[in-house]
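Student: Could we go through this structure together, with a focus on its binding site?
Tutor: Gladly, take a look at it here.

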Amino acid sequence: MKQQVLKIAIQKSGRLTEKSLQLLRNCGIDIPAESRKLKASANNFPIELYFLRDDDIPEYVQDGIADLGILGENVLLEKKAAVETVMPLGFAKCKLSLAVPRNEQYEGLDYWEGKKIATTYTNILSNFLKKNKINAEIHSISGSVEIAPGIGLAQGICDIVSTGSTLLSNGLKAVEVVLNSQAVLISNQNLTNEKQQILDKLLFRIRAKQKAATNKYILLNAPDSKIDEICALLPGMKSPSVLPLREKGWSSLHSVVQENQFWEVIDQLKQAGAEGILVLPVEKMIV
Ligand code: ATP
Ligand code: ZN
């Protein structure tokens, strides 16, 4: 029987494209430089890539045209497709926000009562308004949302905001976050066992990479009398390795620390007598 391949839909050309390819390449998957740009097969892993518009990805995954998809949560939630969300991917972070003309006085959500809001995100906005018990009119438009207040189409907008410079040049300011979005991996709800196994392999690699990215390998020298104190600061994966140095009464400690804890720990380590501290990136981490 022919081996099944996992079909992954990614954005054809846009903000998600490079990062999606990078995610797979970081997992050791060899994807040829996109030549035809509709489909591409990996050379050393049973996956096939489909390059699509991000808006089409939820439906294609729902219908099984693709088994997996990578897209922004903003698009996923707006499209309401019946798919599984497998995991957040940590890139393409952006906010879907409400914005008003810059000189408007804005004091809170009550502002929107009876107002007209232009957006391409009608489903997400409608849920947000319902949740906050606000009666506002949603004006659905398909693009250039930020010009709507200027031409009298609406009093405010709901759109993706990154730097705020597009808003600023249209005389708007963001006043409320409706959704914090990032890229997510989605899957069809009825994968065959064989496809699920390929997905599990892929997830194992993605998690090993993600875990490695948030951890650092740390090496330091310390007097033997301080080892217990220093070990308590370095819980590591199991417990730190302690190796004797050539100099009597001294040891070398090796462990792993979380990136976000690491400056704090470094200070405590120095206070406890650690010397020659080295911090190295971790390439892959399997625990
Ligand atoms: P397509 O042609 O595929 O429909 P698009 O114009 O809808 O593309 P892009 O502008 O490439 O989409 O954005 C893709 C996704 O990237 C968005 O849906 C959102 O999740 C995320 N995104 C949008 N703007 C930003 C930003 N400024 N910073 C980071 N991520 C963003
Ligand atoms: Zn799109």
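What follows is a short set of questions and answers about this predicted model.

Student: Which domains does the domain assignment of the protein chain give?
Tutor: Two of the entries are continuous, 94–181 for domain 2 and 214–281 for domain 3. The other is written as two segments, 6–92 + 183–212, and this is domain 1.

Student: Where does ligand 1 lie with respect to the domains?
Tutor: Look at who supplies the shell around ligand 1: both domain 1 and domain 2 give residues to it. Ligand 1 therefore lies between domain 1 and domain 2.

Student: Which residues come nearest to ligand 1?
Tutor: There are 15 residues around ligand 1. By class, that shell has five nonpolar, five polar and five charged residues. Those that come nearest are Gln11, Arg53, Asp54, Asp55 and Asn74.

Student: How far is a polar backbone atom of Arg15 from an oxygen atom of ligand 1?
Tutor: Let's start with the side chains: a polar atom of Asp55 lies 2.7 Å from a ligand 1 oxygen, and one of Asn74 lies 2.7 Å from a ligand 1 oxygen. For Arg15 the backbone provides the polar atom, and the distance to an oxygen of ligand 1 is 2.8 Å.

Student: What share of the area that ligand 1 exposes alone does the protein bury?
Tutor: Taken alone, ligand 1 exposes 640 Å². The space it takes is the largest pocket. Of that exposed area, the protein buries 74%.

Note on methods. Residues are numbered from 1 along each chain as its sequence is written. Chains are lettered from A and ligands numbered from 1 in the order in which they are written. This is a predicted model: local features need pLDDT of at least 70, side-chain atom pairs count only at pLDDT 80 or more; totals for chains, interfaces and linings use all residues. Side-chain values use heavy atoms; hydrogens and water are left out. A residue is near a molecule or strand if one of its heavy atoms lies within 4 Å of it. A polar contact is a pair of N or O atoms within 3.5 Å; within protein, one must be able to donate a hydrogen and the other to accept it, and residues adjacent in sequence count only if both atoms are side-chain atoms. Accessible areas come from the Shrake-Rupley method with a 1.4 Å probe; for residues, only the protein chains shown count as cover. On a 1 Å grid over the protein atoms alone, a cavity is a set of points where a 1.4 Å probe fits but cannot get out, and a pocket is an open set with protein on both sides within 12 Å along at least five of seven lines; lining residues have an atom within 4 Å of a point. A molecule sits in a cavity or pocket if more than half of its atoms lie within 2 Å of its grid points. Ala, Val, Leu, Ile, Met, Phe, Trp, Tyr, Cys and Pro count as nonpolar, Asp, Glu, Lys and Arg as charged, and the others, Gly among them, as polar. Domain bounds come from an automatic or database domain assignment.
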